[in-house]
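Thanks, everyone; I would like to spend a few minutes on charged side chains and how they pair. Please have a look at the sequence and the structure before I go on.

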Amino acid sequence: MQFHHHGYVSGDPRVLPAAGVGLDRPEELPDEVDVLIVGAGPAGMIAAAQLAMFPNVMTRIVDRRPGRLEIGQADGIQARSVETFQAFGFAERIVAEAYWQTEMVFWKPDPADPSRIVRAKRTPDDPSGVSEFPHLLVNQARVLDYFAEFAANAPTRLQPDYGYEFEGLEVADEGDDEYPVTVSLVHTAGEREGQRRTVRAKYVMGADGARSRVRAAIGCHMAGAQANHAWGVMDVLAVTDFPDIRTKCSIQSEAGSILLIPREGGYLFRMYVDLGEVAPDDHHGVRKTTIDQVIATANEILHPYTLDVKNVAWHSVYEVGHRLTDRFDDVPTDAAGSRTPRVFIAGDACHTHSAKAGQGMNVSIQDGWNIGWKLGHVLEGRAPESLLATYSAERQVVAQNLIDFDKQWSTMMAKKPEEFASPSELEEFYAQTFEFPAGFMTQYAPSLIVGEAAHQDLASGFPIGKRFKSAPVVRVCDANPVHLGHHATADGRWRIYVFADAASAGEASDVANFAEWIATAPDSPIAATPADAGRDAWFDVKVIYQQDYTGVDINAVPDAFKPRTGPFELIDYERVYATDPAQDIFDEREIDRGGAVVVVRPDQYVAHVLPLTATDELAAFFRPILSSKAPAAV
């Protein structure tokens with residue numbers, strides 16, 4: 001963490017100085033806002049947290065609840081989400097309080113006595129080391145708390161406006177109206193309960209759940225079907241002799257199936273209990289199944305072990321359904337590209353599926369981050385409005401892939417032991433597909449903000465369109481071993497990682513020529529940054545040398561990689577890295593020894609890979625993304 005560059009900081013450095021709209025933030029919800037977010041769940045809160053880093057953008061988030069969520073239904077935190085938390089500054093704290101999932105245990109009927117279950121196999125959760133972070137289990141409410149803390153500490157001092165329910169909206173025709181979306185809200189709590197009010201916005205984001213009113217207001221339709229299978233889910237404290245109660249388990253018996261998920265805190269655990277097939281004419285009658293019936297079914301499945309439930313923190317009954325909306329914004333499919341989208345939907349408002357793959361909150365988080373930084377760039381004048389059309393195009397494909405995967409996974413979880421093609425079919429499927437539920441199979445197609453893969457061979461370990469997979473390096477200025485990706489915070493900036501050729505710092509080389517170009521050329525993307533915003537306000541440029549840190553002369557490193565920052569123009573030395581002899585990043589990520597440039601989006605996805613000499617291509621990539629009408633910094 002870097003601070004003191006504006007003067008000595010004696011308080012919490014995570015609390016950034018208020019700026020822009022945060023200097024005089026109105027306590028009451030204003031009549032006019034830049035972005036109105038409806039729903040303070042995972043998608044809404046991460047979007048709000050990201051937008052809180054744009055000082056000039058007036059963002060407000062409303063929620064029908066009277067206050068913070070206390071008990072969340074989602075609890076699975078995939079490693080991709082923990083990588084995201086790192087960018088928002090709370091990965092270490094949430095990792096410390098969460099349950100770590102290191103393996104999955106499969107239980108099956110005992111061949112000698114099928115009425116009893118036995119442990120069949122243990123499968124590592126991440127056998128290939130796809131991330132430096134673990135798979136976690138923690139209450140969704142804690143995730144929302146951390147995002148809320150980040151937003152409150154950001155320059156705009158953003159806080160949720162609780163007690164407002166969305167009723168409807170109207171979008172004005174394209175014209176001169178600065179706030180074209182008119183939103184109707186009603187107070188749900190306090191002295192004004194039942195009273196209505198109107199807010200006008202430039203953009204609206206609906207993150208208001210599976211029964212989204214925002215989705216209905218823009219005419220989006222959910223398509224899909226029920227799987228005609230029901231599950232009882234319960235978070236409980238219990239006494240049991242089941243030996244793997246603190247390990248994630250898939251349990252299959254003659255009486256049905258259980259997915260067991262230990263929770264944080266050492267005692268609480270969740271069980272998804274198979275309630276069997278549901279008749280087409282059931283009319284949701286299965287949802288009347290009592291908690292006592294769910295517990296009794298769980299005991300039948302666990303035989304010969306017993307489960308004595310002492311306390312039920314939360315429970316529900318749900319029917320598996322897989323549904324996806326036809327688009328993620330208010331522009332009809334046949335009118336795509338004809339106008340700017342003004343209303344967006346995210347999370348469960350767009351896609352619903354079973355909970356057993358642990359994807360709901362995780363995919364929603366990536367939805368919210370994707371649209372959050374894009375709205376920030378457009379509203380601050382960094383990018384043209386055409387950027388906003390990439391949200392629906394990118395995230396709908398991801399949601400469809402999720403639906404397809406979850407259909408497979410939930411169907412397999414509901415199978416009876418005798419229905420599998422082989423005794424190990426479920427374990428093999430889990431092992432072969434672990435990268436998908438971990439969140440690492442997303443790969444965005446070439447677009448305005450994702451380049452073609454013509455030079456992918458220069459950095460094979462950073463696939464274009466996939467998330468930037470961090471790796472160990474050594475920071476030259478202080479000899480500290482660090483993860484390269486951990487220095488990238490959710491500040492809305494593009495990252496340009498410059499992997500040097502074999503020359504040493506100070507020698508004539510391609511990396512030296514690149515440094516001169518990016519710092520001084522009129523077609524460099526940095527040239528688009530407003531002069532009073534600071535040279536590195538929009539772009540974070542780093543260099544990684546092939547030598548170890550003792551072989552890099554920090555004074556010989558080009559100034560492009562040592563920007564001056566703050567009112568005192570202090571030198572930032574933390575952009576210069578060397579290889580870690582134990583894990584050479586050039587080998588680990590298959591980077592050409594002739595050097596390469598890896599461009600990474602504000603949401604951690606690789607946008608381009610280019611040679612050090614391809615400055616014309618880099619300039620051409622950024623030209624349509626950057627606006628020439630950027631406002632002055634606040």
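In this predicted model, the count of salt bridges comes to 47, and I will go through three of the pairs and then a network.

Let me begin with Arg197 and Asp31, which form a salt bridge whose closest N and O atoms are 2.6 Å apart. This pair links distant parts of the chain, since Arg197 sits in strand S11, residues 196-206, while Asp31 lies in the segment before strand S1 (32-38), and the two are 166 residues apart. As for burial, Arg197 counts as buried because its relative accessibility, 18%, falls under the 20% limit, whereas Asp31, at 52%, counts as exposed.

My second pair is Arg119 with Asp244, whose side chains meet in a salt bridge at 2.9 Å, N to O. Here too distant parts of the chain are linked: Arg119 belongs to strand S6 (residues 113-124), and Asp244 to the loop between strand S12 (222-240) and strand S13 (248-253), 125 residues apart. Is Asp244 buried or exposed? Asp244 is buried, with a relative accessible area of 4%, while Arg119, at 37% relative accessibility, counts as partly exposed.

The third pair is Asp584 and Arg593, with the closest N and O atoms 3.2 Å apart in their salt bridge; Asp584 counts as buried at 17% relative accessibility, and Arg593 as partly exposed at 35%.

Finally, to the network: salt bridges that share partners join Asp491, Arg493, Arg495, Asp536, Asp540, Lys542, Asp572 and Arg575 into one network.

Methods. Residues numbered from 1 in each chain as written. Predicted model: local features only at pLDDT ≥ 70, side-chain atom pairs only at ≥ 80, totals over all residues. Heavy atoms only, no water. Salt bridge = Lys/Arg side-chain N within 4 Å of Asp/Glu carboxyl O. Helix = DSSP H or I, 4+ residues; strand = E, 2+ residues; numbered from the N terminus. Buried < 20%, exposed > 50% of the residue type's maximum accessible area, 1.4 Å probe, protein only.
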